[in-house]
Protein chains: 2
Amino acid sequence: MSKSVNAGAQRDAAKPTGEIGLGELENHLGYFVRRLQHWIFRDVNAALAAVELDVILYSILETIAANPGTTQIAVAGALGIERARMVGLLDDLQQSGLIVRERSEQDRRAHALGLTPRGRMILKKANVAVAAHEKRVARRLGAGNYRRALTALSQFEMD
Amino acid sequence: MSKSVNAGAQRDAAKPTGEIGLGELENHLGYFVRRLQHWIFRDVNAALAAVELDVILYSILETIAANPGTTQIAVAGALGIERARMVGLLDDLQQSGLIVRERSEQDRRAHALGLTPRGRMILKKANVAVAAHEKRVARRLGAGNYRRALTALSQFEMD
DNA sequence: TATTGTTATACTCTATAACTATA
DNA sequence: TATAGTTATAGAGTATAACAATA
């Protein structure tokens, strides 16, 4: 409960941490994005632990489900994962019996990715857990803020 | 809201970030937060390279500036940095002549942190660079979306 | 006994480079 | 020559544990 030396003077800047102010950071979107990302990361990973996944493995499963037969490079590009790292992540999913890697018939360098029946079952359970997580985010942020944030952020162009 | 499932009609495996759908991910705030955070991180670090800082060192400087005499633990807690890592980061800032660490007179275990004149000068330049970065984010997101995102995300309660 | 700063360790993530087999 | 997948490595970031000085 030890207050900092100069704490207690300003009451206007009490929202981010409650203890000390953050100066210009409170006008920067990046600060709040990072803060929210950190909370979401922990919460969604805790939710996915019930099906022995984390948010990265889940995202890969969901992307494969939406694009059956796609390649490792395509998934890596869509999710911003290095293709070198993708190898080990897909090894995990394959050893867990959730995905299959088959050589593509059109391009024998590439692997065509697909979900196993067990992969589809686990993904369905994962989506239930993630939906509950999204509700927690929405409740904590406020329904209106959640909707506005989703709309606004989804319109960001990466390029 | 469409799920934009491109039911396998196209098989353009050429593009790295090719046009593949993301399934449920497109309904999840966390996906867009992570995406934006990644872009912001790269852009703001590129901007801060001109003053030989990165976004973490900048955030520490700004927090010390807003709370002169505060402690390492308080800054670490405010920014979500482990106190073990804070040691090395403050070493960097001290060796660059931007901050001072003095033993606190109230609690001789603690260090009272402060900016040097050079630290204040560099921070002023950094804030100019970061303001330009914020404008880039706002332009890319759209002014209305930027304002709505900032308002919405700033109301997230961390606990 | 608890806390601040510190050191040390281990594990993960990120970024490269290089190799193979195909194209 | 270029690309998909793979392996290997080095540098950050993160999470712990333990310790000394101080409370």
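Start by selecting B:Arg85 and DNA strand D: a polar side-chain atom of B:Arg85 lies 2.8 Å from a phosphate oxygen of the strand. The model is predicted, so distances like this one are computed from predicted coordinates.

**Around DNA strand D**

Keep strand D on screen and add the elements that give two or more residues to the surface near it: α3 (72-79) and α4 (83-95) of chain A, and α4 (83-95) of chain B. Next, pick A:Ile73. One of its backbone N or O atoms is 2.8 Å from a phosphate oxygen of strand D. Then move to A:Arg101, where the N or O atom belongs to the side chain and the distance to a phosphate oxygen of DNA strand D is 2.9 Å.

Now widen the selection to everything around the strand. Which residues are closest? A total of 20 residues surround DNA strand D, and the closest are A:Gln72, A:Ile73, A:Arg109, A:His111 and B:Arg85. Of the strand's atoms that come within 4 Å of the protein, 65% belong to sugar and phosphate. Coloured by residue class, the surface near strand D shows 10 charged, seven nonpolar and three polar residues.

**Helix α3 of chain A**

Select α3(A) by itself. Is it enclosed or open? Six of its eight residues are buried, so the helix is largely enclosed by the rest of the structure. The buried residues are A:Gln72, A:Ala74, A:Val75, A:Ala76, A:Ala78 and A:Leu79. To see what covers them, show α2 (55-66), α4, β1 (99-103) and β2 (111-115) of chain A, along with α1 of chain B; these are included in the cover. Step past the end of the helix to A:Gly80, which follows α3(A) and has a positive phi, near 70°.

**Between the two chains**

Hide the DNA and show both chains. How many residues are in contact? On chain B there are 58, and they touch 58 residues of chain A. Together the chains bury about 5800 Å², with 65% of that area on carbon and sulfur atoms. The count of salt bridges between chain B and chain A is zero, while 14 residue pairs across this interface are in polar contact.

Select α1 (29-48), α2 (55-66), α3 (72-79), α5 (117-141) and α6 (143-154) of chain B; each supplies at least two residues to the side that touches chain A. The most come from α1(B), which gives 11 residues. To finish, colour that side of chain B by residue class: 30 residues are nonpolar, 18 polar and 10 charged.

How values were computed
Residues are numbered from 1 along each chain as its sequence is written. Chains are lettered from A and ligands numbered from 1 in the order in which they are written. This is a predicted model: local features need pLDDT of at least 70, side-chain atom pairs count only at pLDDT 80 or more; totals for chains, interfaces and linings use all residues. Side-chain values use heavy atoms; hydrogens and water are left out. Contact means heavy atoms within 4.5 Å. Buried area is the accessible area (1.4 Å probe) that two parts lose on being put together, summed over both. A salt bridge is a side-chain nitrogen of Lys or Arg within 4 Å of a carboxyl oxygen of Asp or Glu. A polar contact is a pair of N or O atoms within 3.5 Å; within protein, one must be able to donate a hydrogen and the other to accept it, and residues adjacent in sequence count only if both atoms are side-chain atoms. Helices (H or I, at least four residues) and strands (E, at least two) are DSSP runs, numbered from the N terminus. Ala, Val, Leu, Ile, Met, Phe, Trp, Tyr, Cys and Pro count as nonpolar, Asp, Glu, Lys and Arg as charged, and the others, Gly among them, as polar. A residue is near a molecule or strand if one of its heavy atoms lies within 4 Å of it. Buried means under 20% relative accessible area, exposed over 50%, partly exposed in between (1.4 Å probe, protein chains only).
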